[in-house]
Amino acid sequence: MREVVDNADTHVHTYHEPLKTNKVNIGLGEEPKEAIIRDYWLDKEFSKIIEILHEFEDLFPHRYHELKFVHHSLGEMKIKLKDGACPVRKRPYQMNLNLHVKVKEEIEKMIAYGIIEVVEESKGISSMVINIKTDGQIRIYVDYRELNTICVIDPFLTPFTEEILEGFIGHKIYSFTDGFSGYHQVQIAKEDQEKTTFATEWGSFTYMVMPFGLKNVLDFFSCIVVQAFQDFIHKFL
């Protein structure tokens, strides 16, 4: 569905047709870096957007090795457990034998890029989960559901959708940016990393950065975004 807002009379014209997209390589190196841009723009505006994306292409990582960690001055995630809570210990889930090579390669990649590290001992262990993407690649997750039940809730309130939408009023253009592995750019406090431990047949590992599926990661990530961009919120963010 396509909706176009006419600023002159504030009427919304709706066209029953799919939005077209343009795929553009914004990378400056040998490896292509693809950006998908909706077909909203006139040719002049489209060219300007491409120029901006080329200029700041290093801010749009597509691979783990391109990630730039959030500076510790903005905060590190702490995993606080409820009083009297016992560490979670779960047996690993059975893995499809056909995935062994890919899983091992992914783990080695995550170690190399500082996302996880080997741990010799841990009081708690959660189970690894393998997600197979449509392109045949895999993504490693951890089932933190039991750990989440004993975590203290972060009191930070994420922004209301209605409040964000009201901020669009009066602006001619708005855009969305989908960050690559945003959680993996936020470090976990050293003393709490052990709580993220998961076991595999190649050893046990802890996350050094925020993993997906852990309680409070959305709230803490939102808090960091608000801190980083507080001077611009309700102006053009």
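Student: What is the strand order of the open sheet, and how is it paired?

Tutor: The five strands of the open sheet are ordered β5-β9-β8-β6-β7, with mixed pairing. Strands here are DSSP runs of E of at least two residues, and helices are runs of H or I of at least four, numbered from the N terminus. The model is predicted: local features need pLDDT of at least 70, side-chain atom pairs count only at pLDDT 80 or more, and totals for chains, interfaces and linings use all residues. Residues are numbered from 1 along each chain as its sequence is written, and side-chain values use heavy atoms, leaving out hydrogens and water.

Student: Why do β5 and β7 count as edges?

Tutor: β5 (116-119) and β7 (138-143) each have a single partner strand, so one side of each lacks a neighbour in the sheet.

Student: What makes β6 and β8 a pair?

Tutor: Pairing requires that DSSP finds at least two bridges between two strands. Two bridges join β6 (residues 126-132) to β8 (residues 198-200), so by that definition they pair; the two strands run parallel. Ser127 stands opposite Ala199 in β8.

Student: How do you know that the span of α5 agrees with expectation?

Tutor: The expected span is 1.5 Å times one less than the number of residues. For the 12 residues of α5 this gives 16 Å, and the end C-alpha atoms are 16 Å apart, which agrees.

Student: Why is Phe236 called exposed?

Tutor: Exposed means over 50% relative accessible area, buried under 20%, and partly exposed in between (1.4 Å probe, protein chains only). Phe236 has 57%, so it is exposed. Phe236 lies in the segment after α5 (217-228). Buried residues of α5 include Val217 and Phe220.
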